[in-house]
Protein chains: 2
Amino acid sequence: MMKKASKRLVTISDVAQSAGVSKATAARVLGSYGTASPDAKEKVRDAAKKLGYQANELARSMTTGRSKTIGVVVGDIENQYFGQAVRGISDAARAAGFDVILANSGENAAKEKTAVRVLLGKRVDGLIVTPASVFETQHLHDIQRSGRPLVLLDRTVPGLDVDAVVTDDRHAAEAATKTLIDAGHRRISYITATESEDPIYRGPHQISLSTVMERIEGVMAAGRAAGIEQPERYIRLGAGRGGMGDKIIADLLQQTQRPTAILASDNVVALEVFKTLRRLGMSIPGDLSLIAFHDADWTSVTSPPITVIAQPAYDLGFESAQILIRRITGTGDVASRRVLATKLITRQSVAAPPKL
Amino acid sequence: MMKKASKRLVTISDVAQSAGVSKATAARVLGSYGTASPDAKEKVRDAAKKLGYQANELARSMTTGRSKTIGVVVGDIENQYFGQAVRGISDAARAAGFDVILANSGENAAKEKTAVRVLLGKRVDGLIVTPASVFETQHLHDIQRSGRPLVLLDRTVPGLDVDAVVTDDRHAAEAATKTLIDAGHRRISYITATESEDPIYRGPHQISLSTVMERIEGVMAAGRAAGIEQPERYIRLGAGRGGMGDKIIADLLQQTQRPTAILASDNVVALEVFKTLRRLGMSIPGDLSLIAFHDADWTSVTSPPITVIAQPAYDLGFESAQILIRRITGTGDVASRRVLATKLITRQSVAAPPKL
DNA sequence: TTGACATATGAGACCGGTCTCAAATACGTT
DNA sequence: AACGTATTTGAGACCGGTCTCATATGTCAA
């Protein structure tokens, strides 16, 4: 009962000594490589069990050069969308015997850079990153240069030739916009959380996320196809969680030529829109139609339930991890871009625009 | 432009050689320990930059014995509650210069055990765990035995004398129940997702989570204080996501002496309750009053908005990480139990029971 | 000029595994 | 019995850092 918390952990040499064999033999048995006689195996295993031996993976990784660990840098784990993706990564990794080191960038490129450096320092075998910005990508190129595989999740980076798993954002936005147009809308707003001092959209130079850019293109393409002038007129940026969302949305809806429909870029923005509408006393879909990206659980229980673009977040994670692991273990052919399909789930938040 | 992906990464010896100093001196400069002349420092730093040196943290951890990494095993990252907690852990860790290795147990004790073993193998400096079961705890005792600090998050394990950060579940459940009783309810149901083949509550031996047990005690205490007979009568278990939730809730609500109020154990269960009620055509709070644990974002936008018990999930994570890190770096005094307060947020899902 | 002491530096052991290589032992065959 | 081959084993180098210790150099006072 005097078992003091042992300062020094039991090593393979301890086991070898206890089993009466050489360090090399003990290592072969415990590391499951090379050959060893049944007799030796038994002695070593017994000794290991008796001593409570547990391999030092650090030392193991050090000699083998592989850590069986993948690093993940994600924008915001609090967001269900990424939560699901991380779950997918986690499941795929576990199935292949890999562990996951997670870092949260808070959608901040500088933090992302730090996180990548740390993960590379820990000698992860590969990385999965949701790049926070298409403008600051030096650290991503560094990963490539280090020879370790990288898979981009959810977003791409122009000019960076690596594997990526994304959704068909452009098409999804186009289809959703078309749905609104078909319902009779001509003044359609796209609202995103993407950082920007200026909430008005003036061009691609403001947009740091590939997904957002694709969606904007989709919205504008659908608008132009329907002969709508200045389809970018109602695009709004920076409706993030910082309290600005409410103001931006309210300003948008209180102008004389207000939009009659909104396409919300993610479920956080959609919730913000929903709350602002309620505050302003506007009804959905009577006064305003709404479609949201991401089929968050709550969107089906509001009144009315919200029409959404369902994104396969879990699969996004799962597949990206599979691709990464395949590249770590296997052959390195040319970089691929996997595009997963989204699905428009029609509920009751879309109707004809009000007669103004 | 023929820069081939370098197989072998640049080591401290390479830097030393390039700088024209010994390995030891280069290590001193780059590792910020010992002494070195300004001249040597400059030469080494220049060489390091030129070669793109990046320390191998594995090797570093190996000799120092500390990895500056904490392991986190959580029930379900997809659940916003844990997402927030992980965010809190992540922030506190980063602030102290620690990294996080995350593992998802899926609320499965066997997976949790594996995860712990892997993390210990990776030589994390300490662990934060949300134990999936109070019955299988051998691996948690093993952590203690290994001498590495452990902090329990959200839940406790009887007989395991380690730090824990939890919420005041018992009190919260008691207060919520009292609120329902004060509104006139006598038949109050507590519904939890906790695994169980038998949905009927028969005793503590079925309950593998300390939080659930505390809440049940709270519910029963409030009931008994109000002179309600068999306050455990409407307790239901196993309403997890496996589709069983709907059946269990529907069965409960269709019996002749049905409950008039429900206390939902988490936001997933609450959502299930909400959907089932809608399917059965019952209204809140007209036919049934509802209070949910966890202030999930959607609870404020439903019709009616739901009265909830707000839990400080982020703080739970943040504080547990702080406590863990303090224990890793600092003095080891006696194990503490930190109890964070919850808050009842009154919205519109509670009213007097219908006259049946 | 010399001794005392601080500062700077290099050689080499060490952490705990893996892995190469050569020696030892076992086994089968003629 | 003798030889060829396969299997088992141990010694020791190695991975890339840290760290101890002894030596070299510099500074200052006497």
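A residue is near a molecule or strand if one of its heavy atoms lies within 4 Å of it. Keep that in mind for the first stops.

Before you click, note that this is a predicted model, in which local features need pLDDT of at least 70, side-chain atom pairs count only at pLDDT 80 or more, and totals for chains, interfaces and linings use all residues. Residues are numbered from 1 along each chain as its sequence is written, chains are lettered from A and ligands numbered from 1 in the order in which they are written, and side-chain values use heavy atoms, with hydrogens and water left out.

**Stop 1: DNA strand C**

Select DNA strand C and show what surrounds it. There are 24 residues around the strand, and A:Ile12, A:Thr63, B:Thr25, B:Arg28 and B:Ser37 come nearest. Which part of the strand do you see by the protein? Of the strand C atoms within 4 Å of the protein, 59% belong to sugar or phosphate and the rest to bases.

Now pick out some polar contacts (pairs of N or O atoms within 3.5 Å; within protein, one must be able to donate a hydrogen and the other to accept it, and residues adjacent in sequence count only if both atoms are side-chain atoms). Click on these in turn:

- A:Tyr33 has a polar side-chain atom 3.4 Å from a phosphate oxygen of strand C.
- A:Tyr53 has a side-chain N or O atom 3.0 Å from a sugar or linking oxygen of strand C.
- B:Arg28 puts a polar side-chain atom 2.8 Å from a base nitrogen of strand C.

Next, colour by helices and strands, which are DSSP runs (H or I, at least four residues, for helices; E, at least two, for strands), numbered from the N terminus. Helix H2 (23-31) and helix H4 (57-64) of chain A, along with helix H2 (23-31) and helix H4 (57-64) of chain B, each supply at least two residues of the surface near strand C. Sorted by class, that surface has 11 nonpolar, 9 polar and 4 charged residues. Here Ala, Val, Leu, Ile, Met, Phe, Trp, Tyr, Cys and Pro count as nonpolar, Asp, Glu, Lys and Arg as charged, and the others, Gly among them, as polar.

**Stop 2: DNA strand D**

Switch your selection to DNA strand D. Of the 24 residues around this strand, A:Thr25, A:Arg28, A:Ser37, B:Ile12 and B:Thr63 come nearest. Sugar and phosphate make up 57% of the strand D atoms that come within 4 Å of the protein.

Zoom in on A:Ser22, where a polar side-chain atom lies 2.9 Å from a phosphate oxygen of strand D. Then find B:Tyr53, with a side-chain N or O atom 3.0 Å from a sugar or linking oxygen of strand D. H2 and H4 of chain A together with H2 and H4 of chain B are the elements that give two or more residues to the surface near strand D.

**Stop 3: where the two chains meet**

Hide the DNA and look between chain A and chain B. The contact (heavy atoms within 4.5 Å) takes 51 residues from chain A and 52 residues from chain B. The two chains bury about 4900 Å² between them, 54% of it on carbon and sulfur atoms; buried area is the accessible area (1.4 Å probe) that two parts lose on being put together, summed over both.

How many salt bridges (a side-chain nitrogen of Lys or Arg within 4 Å of a carboxyl oxygen of Asp or Glu) are there between chain A and chain B? The count is 6. Try B:Asp76, which forms a salt bridge with A:Arg87, their closest N and O atoms being 3.7 Å apart. H5(A) gives the most to the side of chain A that touches chain B, with 7 residues.

**Stop 4: a residue tucked inside**

Select A:Val212, in helix H9 (residues 210-225) of chain A. Is A:Val212 buried or exposed? A:Val212 counts as buried because its relative accessible area is 2%; buried means under 20%, exposed over 50%, partly exposed in between (1.4 Å probe, protein chains only). Leaving out residues up to four places away in sequence, A:Val212 touches A:Tyr190, A:Thr192, A:Thr194 and A:Ile207.

**Stop 5: backbone oddities**

Most residues other than glycine have a negative phi, and most peptide bonds are trans. Now look at A:Ser303 and A:Pro304, joined by a cis peptide bond with omega about -5 degrees. A:Pro304 sits in the loop between strand S8 (289-293) and strand S9 (307-310) of chain A.

In that loop between S8 and S9 you can also click on A:His294, a non-glycine residue with a positive phi of about 85 degrees. A:His294 is buried, at 3% relative accessibility. Finish at A:Lys68, where phi is near 55 degrees and the residue is partly exposed, with a relative accessible area of 39%.
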